[in-house]
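Biologist: I am new to this model and would like a close look at a single part of it. Please start from one residue and work outward to the parts around it.

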Amino acid sequence: MTTLETLPKPQSKALSKRLSKTVPDTRPDTRPDTQAGTIHGVGLGPGSQDLMSVRADRLIRTATHVAYFRKKGRTGHARTIVEGMLAPKAVELAMEYPVTTEIPVEDPRYNQWLSAFYERQVARLAEIARAGHDVVVLCEGDPFFYGSFMHLYTRLQECMPVEVVPGITGMSAAWTATGRPITWGDDVLTVLTATQPEERLAARIAATDALVVMKIGRHLDKLRRALTSAGREDEAWLIEYASMGQQRVVPLRDAGERVPYFSILVIHGDGRRP
């Protein structure tokens, strides 16, 4: 008996071509729509316009549609950074969070509300892109570093052209503001969020050489206790509004009882050097 496997190669190829024409491909098409506009996640850097990349500057100044996150009733820090840069006829798309710190992140409603919020914003951006327009989404710092844009990106990348422009992170601006290198030689750098449990913070702080702590806000007292437990409170520096006009750099012990949202804690490494 002659089977497809025993046919000579030329006949197999010809038969395969005929079969491909008669058997429909029922697999879902998840490729991005190449006719759509591109959604750009653009890193703005730590907060100063002259610390943006050339690519970020060009995209922002020529954008016809500009989207940015903000808390309800606020201008939004990302929008404030680009003041004076947008084209006069640029369409602005404010994406207002349904919740920020009003309820704890452990509350089941927190993820439910934010998930629904991101789905709405994805649908909104996709509609604009399908109409052939590019959209610039403003991202504080770097889009892939603790940024809200990541939640849009993972939902958009399978159906829309999406590009990301990296930015200088806030932590880079923070340690630069101290005037001291953050790592030397083989130093290990650990990046933490102060939202973690106190015991975990203390263990991580004790185990690392160099340290960056973000998202301090209302967790300052807990962070101080963790640093004390790890025996490293006197090594810590607090940087407020790194690279911005109101920048302040002080040892943590002199920081006071409250810190603004844009605050980063740094402990410098002291490793191998020539």
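Modeller: Ser263 is found in strand β10, which covers residues 263-267. Strands (E, at least two residues) and helices (H or I, at least four) are DSSP runs, numbered from the N terminus. The model is predicted, so local features need pLDDT of at least 70 and side-chain atom pairs count only at pLDDT 80 or more, while totals for chains, interfaces and linings use all residues. Residues are numbered from 1 along each chain as its sequence is written, and side-chain values use heavy atoms, with hydrogens and water left out.

Ser263 has a relative accessible area of 3% and is therefore buried. Buried means under 20% relative accessible area, exposed means over 50%, and partly exposed is in between, with a 1.4 Å probe and protein chains only. A polar atom of the Ser263 side chain lies 2.7 Å from the backbone oxygen of Pro260. This is a polar contact (a pair of N or O atoms within 3.5 Å; within protein, one must be able to donate a hydrogen and the other to accept it, and residues adjacent in sequence count only if both atoms are side-chain atoms). Apart from neighbours within four places in sequence, Ser263 is in contact with Val213, Ile216, Leu238, Ile239 and Glu240; contact means heavy atoms within 4.5 Å.

The next step is the loop that leads into β8. Ala236 sits in the loop between α8 and β8. Its relative accessibility is 1%, so Ala236 counts as buried. Ala236 and Ile267 are 31 residues apart in sequence, yet their C-alpha atoms are 4.9 Å apart in space. Beyond its neighbours within four places in sequence, Ala236 is in contact with Leu227, Pro251, Leu252, Leu265, Val266 and Ile267.

Arg232 belongs to that loop too, between α8 and β8 (237-240). Arg232 counts as buried because its relative accessibility is 9%. A polar atom of its side chain lies 2.6 Å from the backbone oxygen of Thr208. Residues up to four places away in sequence aside, Arg232 touches Ile205, Thr208, Asp209, Leu227 and Ile267. Ile267 is thus in contact with both Ala236 and Arg232, and Leu227 also touches both.

From here the helices come into view. The axes of helix α7 (residues 198-207) and α8 come within 8 Å and cross at roughly 45 degrees. Axes are lines fitted to C-alpha atoms, for helices over the stretch in contact, and angles run from 0 to 180 degrees between N-to-C directions. The two helices α7 and α8 are therefore oblique to each other: angles under 35 degrees count as roughly parallel, over 145 as roughly antiparallel, 65 to 115 as roughly perpendicular and the rest as oblique. The crossing of α7 and α8 is right-handed, meaning that the near helix is turned clockwise from the far one by less than a right angle, whereas an anticlockwise turn would be left-handed.

On the α7 side, Glu198, Leu201, Ala202 and Ile205 meet Lys222, Leu223, Arg225, Ala226, Leu227 and Ser229 of α8. By class, this contact of α7 with α8 has six nonpolar, one polar and three charged residues. Ala, Val, Leu, Ile, Met, Phe, Trp, Tyr, Cys and Pro count as nonpolar, Asp, Glu, Lys and Arg as charged, and the others, Gly among them, as polar. Two residues of this contact, Ile205 in α7 and Leu227 in α8, are also touched by Arg232.

The loop before α8 deserves a look as well. Lys215 is found in the loop between β7 (210-214) and α8 (220-229). Most residues other than glycine have a negative phi. Lys215 is not a glycine, but its phi is positive, at about 55 degrees. Its relative accessible area is 42%, so Lys215 is partly exposed.

To place this part in the whole: the chain has eight helices and ten strands. Buried residues make up 42% of its 274 residues. Among contacts between residues at least 6 apart in sequence, 69% join residues at least 24 apart. The pair Ala236 and Ile267, 31 residues apart in sequence, was described above.
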